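Trainee: I have a model open and would like to learn how to read it. Can we go through it feature by feature?

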Amino acid sequence: MTVMDPTLEEVKRRAEEREVLLDLENVSLSFGGVKAITNISFNIKKGEIRAIIGPNGAGKTSMLNVINGFYQPQEGVITFNGEKRSSMKPHLAVSQGIARTFQNVALFKGMSTLDNIMAGRATRMKRNMFWQMLYWGPAQREEIEHRKKVEEIIDFLEIQHIRRTPVGTLPYGLQKRVELARALAMEPELLLLDEPMAGMNLEEKEDMSRFILDVNDQLGTTIALIEHDMGVVMDLSDRVVVLDYGRKIADGVPEEVQSNQEVIDAYLGLSH
Amino acid sequence: MQVPPSAGMDTFPQLLIRNARDWGDRPAYREKDLGIWQSWTWREVLEEVRKLSLGLKSLGCKEGDKVAVIGANRPHLYWVFAAVQALGGVPIPVYSDSVAEEIAYVLGHAEVRFAVAEDQEQVDKLLEMSEKLPLLEHIIYEDPKGLRDYDHTSLHRYLSVQEAGQALLDTDEQTANEWFEAVNAGKREDIAVILYTSGTTGRPKGVMLTFKNLIVAVENANKFDNLDENADTVAYLPMAWVGDHVFSYAQCLTAGYCVNCPEGPETVSIDRKEIAPTYMFAPPRVFEGMLTHIMVRMEDASKMKKKLFDYFLDYANQVGERILNGDKVSLFARMKYAVGEFCVYGPLKNEMGFSRVRVAYTAGEAIGPEIFKFYRSIGLNLKQLYGQTESSVFITSQPDGQIYADTVGVPMPDVEVKIADSGEVMYRSPGAFLGYYKNDDATKDTKTEEGWVHTGDAGMFLDNGHLKIIDRAKDVGKLNDGSMFAPKYIENKLKFFPNIKEAVTFGNERDYVCAFVNIDLVAVGNWAERNNIAYASYQELAAHPEVYKTIQSHVDQVNKDLSQEPMMAGAQIKRFLVLHKELDPDDGELTRTQKVRRNFVADRYAPLIEAFYAGETSKHVVTEVTFEDGRQGTIEATVEIREMDTYRTDAMSAIGEAAE
């Protein structure tokens, strides 16, 4: 009944078969004279867990910001779900199915866990302010439907006990989980996770890894994650792209990337 | 569904049929799911159980088969008991927090063919051990999360088993009648359940209880406390523990009351508040935890509130218990107490979910007299009972109005209790177990031919007819000077301080008594926060000089108390240390029910004990620990050992001197 570890070829073949969800072609981003991203191309395929790694300042977070439309790259083409995308605002990215979590937790600290996750449903609520002011009727029915979805996410991430707790008072590991819950509430096709395990202890990391795998496996969500814990990256991801000083230095399955000399040099540093 | 008119009341499935007939529309089980309480009536429960039972039958479950149940308190898991019993099989609940090896031992020993697991976590444990369990044929799981891609040749979803059962009902009309007939053929003398005791020593033993054992014991208990179908209780203690089996299954089926299952272990206090049970049970540590929590939060309350709280609690302390016991109390005092009820006691009980409680029990360990008195004074009818797995729980219990903090009450109806010459408590009752499964030697050692069962506890009857338990009989020893040493008795005195979570004392055949202390991280951590004491870990906080000072004052108080009791005065604590790690069931130091495994701890920390008696003042130790994921690691620490003053009593002056 045990699951056999697939061979390297098997892993590669599986990756090949998948459809491309997001494609970046020759993307460059600069802030004045500072080049954050230089001519990077890679893709994210449907249903995979794609890790973006690299030393500090390599441009990983900028990359995520480009993907979800927060930054506009000066050059390059981004194709999402087969559609070429021109200038875009983050809220449009959300409605297209891209959700994210942040490196520093960005929750509404004074609001309860439940309200924070409900906020994640905001873009999916159809009724206008008039109906919502009425309280009864269609707006209430809609809210109940959304609440059900939110409760399913709460159940999925096992945070029932903090449903009514203001998130500001929660430990860090749980806040991260609430943030993931809020991102999931958008029912995204592509989920961007910016250092989901930063500052967590071993047990919390294990929980988080399990949730990420479950999200990927059960909900079929495609995941792009930035993470510094190499153990986590190598265990979780299907493919890894490595950035250094805004350039792509490697791209492939974890085993390949791990043995790539350029990657090793970038992480350990080279004597000049 | 047609409920057949006649059914005996000899087995639990038969009682289930009676309940479906008499109280068909009353709630039987509730569970909070997706934030909403879902309930099942007795009729629905019977239907669910029948489907499951027939589904299990189609998988090959037959009379005499053992079925393990592993998971937290879920209505679906309680129904497995009835479904298996209806087929003449024997359910075996297993502690869900046990590691895979422990589960494998129980399942192997019990020759289990089927296992019903709650979720992926439990299924993984079973699969991991599948090589060691050749007899285990089918695994059924309730929560499908994460299990989709598993090989389903011998793995089944709970729902699909029920669907298989339903399909049988749909295709053949005779199936339903045959099932009812099979249930009615069940006999009182059949084995109802095998419960594995957690065991402070050695391997767990399987206690076989018959339907008669459980039903008679429970019916007496229902009468004792007037429990009927209107009661509500919250199921949150491990299902493998006899207490939960009795309170959430046996008593529920006989009395017909409703069992409420919380969302998860962390939400118990919230869910309890929502349900407000009328009948509840909790081990002393739960009551201690709640009190600590309240006191910690009151520290943050406004001055006015704090004053009101202190004033009325002080008043409750004077009259509350007398009012609860129905003693004579002046009208003025009653009115003042009513004001207190409105301002303080009522809201306090509401916060803890005790608003509707008619009877609350605590057992398993001694409860601190202060804590016991606190709850009773605010009007909670908290009582103690004494029992064990082998007795279907009930041996003695405190009748309403006759409550003493240091006793466990009078024998229950139909129970005979005597004190053996060795000081051991023995009982004979209809609830007394049939025997240990596949362990006749142990059965013979525990149960005499006349039916008397050794409890293993040392105790005595007080003048008022109440039983007082001192310690485990085999743990009671003597110091080298001949004075009596009852470790548990001293440890309990220590543990009554909120700052001390656990204590282990040593002294048998030694010159004097020494103690290991575990601090309570909630209480001490809160104190540290208030006093700006920074700490990174349990270990660091435990070694803090201020913490040592506080613990030392507690030990000193215990010594003072002990010196007042002629029998115990010789066993005052001479030296103590605060342990560098918390005692943990994962390391085998505690049982799954959080009881200290004394000998194991003594072996594990032998260097520290040597240091005690060698007179050293500090000792460097390296201890192996098991992390939650099963990996091994070590912690190192230099532990300080402190010397204590002992007190002399006039009666025991000679021994007092010897101990100096």
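Trainee: How many residues of domain 1 of chain B are in contact with domain 2 of chain B, and how many on the other side?

Mentor: Keep in mind that this is a predicted model. To read a domain contact, count the residues on each side. Here 24 residues of domain 1 of chain B are in contact with 19 residues of domain 2 of chain B.

Trainee: Which elements supply the domain 1 side?

Mentor: In chain B, β9 (206-210), α8 (211-224), α9 (242-255), α10 (268-275) and β12 each supply at least two residues. Helix α8(B) gives the most, with 7 residues. Next, sort that side by residue type. It divides into 16 nonpolar, 5 polar and 3 charged residues.

Trainee: Where do the domains of chain B run?

Mentor: Domain 1 covers 12-280, domain 2 covers 281-429 + 456-472, and domain 3 covers 477-659. Note that domain 2 is written as two segments. The C-alpha centres of domain 1 and domain 2 of chain B lie 31 Å apart.

Trainee: How many residues are in contact between chain B and chain A?

Mentor: The same kind of count works between chains. 14 residues of chain B are in contact with 13 residues of chain A. The chain B side divides into 3 nonpolar, 5 polar and 6 charged residues.

Trainee: Now sheets. What is the strand order in the open sheet of chain B?

Mentor: Read a sheet from one edge across to the other. This one has 5 strands in the order β12-β13-β14-β15-β16, with mixed pairing. Its edge strands are β12 (279-281) and β16 (410-411) of chain B, and each pairs on one side only.

Trainee: In which sense do β14 and β15 of chain B pair?

Mentor: Strand β14 (residues 382-386) and strand β15 (residues 396-397) of chain B pair in the antiparallel sense, over 2 bridges. For a residue to click on, take Y386(B): its bridge partner in β15(B) is T396(B).

Trainee: Over to chain A. Why is strand β3 of chain A called largely enclosed?

Mentor: Count the buried residues in the strand. In β3(A), residues 49-53, 5 of the 5 residues are buried, so the strand is largely enclosed by the rest of the structure.

Trainee: Which way do the residues of β3(A) point?

Mentor: In a regular strand the side chains alternate between the two faces of the sheet. I49(A), A51(A) and I53(A) point one way from β3(A), while R50(A) and I52(A) point the other way. All of these are buried.

Trainee: Which strands does β3(A) pair with?

Mentor: One is β8 (residues 222-226) of chain A, paired in the parallel sense over 4 bridges. Another is β9 (residues 239-244) of chain A, also parallel over 4 bridges. I52(A) has a bridge partner in each: I226(A) in β8(A) and V241(A) in β9(A).

Trainee: Is R210(A) buried, partly exposed or exposed?

Mentor: Use the neighbour count. R210(A) has 15 C-beta neighbours inside 10 Å, so it counts as partly exposed. R210(A) is found in helix α8 (residues 202-219) of chain A.

Trainee: What is the overall picture of chain A?

Mentor: Start with the inventory: chain A has 11 helices and 10 strands. Then check the radius of gyration. For 272 residues, a compact globule would be near 19 Å; chain A has 20 Å, which agrees. The C-alpha atoms fill a box of roughly 65 × 50 × 35 Å along the principal axes. Buried residues make up 35% of the 272 residues.

How values were computed. Residues are numbered from 1 along each chain as its sequence is written. Chains are lettered from A and ligands numbered from 1 in the order in which they are written. This is a predicted model: local features need pLDDT of at least 70, side-chain atom pairs count only at pLDDT 80 or more; totals for chains, interfaces and linings use all residues. A residue is buried if 20 or more other C-beta atoms lie within 10 Å of its own, exposed if 12 or fewer, and partly exposed in between; C-beta atoms are placed from the backbone. Two strands pair if DSSP finds at least two bridges between them. Two residues are in contact if their C-beta atoms, placed from the backbone, lie within 7 Å. Ala, Val, Leu, Ile, Met, Phe, Trp, Tyr, Cys and Pro count as nonpolar, Asp, Glu, Lys and Arg as charged, and the others, Gly among them, as polar. Domain bounds come from an automatic or database domain assignment. The radius of gyration is taken over C-alpha atoms; the globule rule is 2.2 Å times the number of residues to the power 0.38.
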